[in-house]
Amino acid sequence: MNRAMFAAASGMAAQQLELEVVADNLANADVAGFKGATETFADVRAGGIGLGTVAVGRHPVFVQGKLERSGGPFDLAIDGPGFFVVERDGQRAYTRAGAFARQADGRVRDAAGWALAGVRIPADAIAVRVARDGRVSVDVPGQADRTIAHLRLAEFPAPEALRPLSATLFARTEASGRPGLIVPGMRGAPSLAFGMLEKSTVSIVESMMQILGAQRAYEANAKGVQAADEMLRIANNLHRG
């Protein structure tokens, strides 16, 4: 009897976790470069008998988001797989959120202060461009279209194993593997879109359907707990009788 109650209670906990994941996805539905996450569950079995459900882990789903023109002066989007390499305080991280802005020191940083690796804009630059192949060029007085950097993108053998540092920032792990740098714009490789951002991959409609499904499953498991509790009560009464 306790086994049935545990199985139903673990199902309730799993659906509660599922709701938390969906709620987090919805909270970031308007964040550029955000990738919706999913929680993985597994059966708990002993001797062929199901004992309940256990959470295995949460991981982001790296599918391509829609690219949208943003008008930002240094906004970038990746069309295809890969990550921007960013740095801060000697640390390196990876992101697909390309809302960067030029700073007084010439670095190009996001709102959290992470700088795009390998790029420093000259102080006298009057125009900046980034080509599909990652070539960064500027116009300075007396010289147009001067190349100052070539952006490279990072790719991982198992990107789903990256460790989230924030909603759109990730760190490599042993499971994700070491990053490899790729040249955008080459045949079969991702390309860069200047002046655009990648929208979040979260679908409001799909998330609402997930919420409804999780609520139904939670209610079903709650009834399972109640049924197991009732059967336990009856068994105790029979034993006393």
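Let me begin with charge: the protein chain carries 27 positive and 25 negative charges, and their mean positions lie 3 Å apart, where Lys and Arg count as positive, Asp and Glu as negative, and His and the chain ends are left uncounted, each charge being placed at NZ of Lys, CZ of Arg, CG of Asp or CD of Glu.

Please keep in mind that this is a predicted model, in which local features need pLDDT of at least 70 and side-chain atom pairs count only at pLDDT 80 or more, while totals for chains, interfaces and linings use all residues. Residues are numbered from 1 along each chain as its sequence is written, and side-chain values use heavy atoms, with hydrogens and water left out.

Turning to overall dimensions, the C-alpha trace spans about 100 × 35 × 30 Å along its principal axes. The radius of gyration, taken over C-alpha atoms, is 25 Å, whereas a compact globule of 241 residues would come near 18 Å, by the rule of 2.2 Å times the number of residues to the power 0.38.

As for the interior, 38% of the 241 residues are buried, meaning under 20% relative accessible area with a 1.4 Å probe, protein chains only. The largest nonpolar core (buried Ala, Val, Leu, Ile, Met, Phe, Trp, Tyr and Cys residues joined through side-chain atoms within 4.5 Å) has 24 residues, of which F74, F84, L116, V119, I121 and L151 touch the most other members. A second, separate core of 8 residues includes F83, V85, A154 and L162.

Finally, looking at L151 itself, and not counting residues up to four places away in sequence, its contacts (heavy atoms within 4.5 Å) include L76, V130, V136, P184 and L192.

Notes
Buried means under 20% relative accessible area, exposed over 50%, partly exposed in between (1.4 Å probe, protein chains only).
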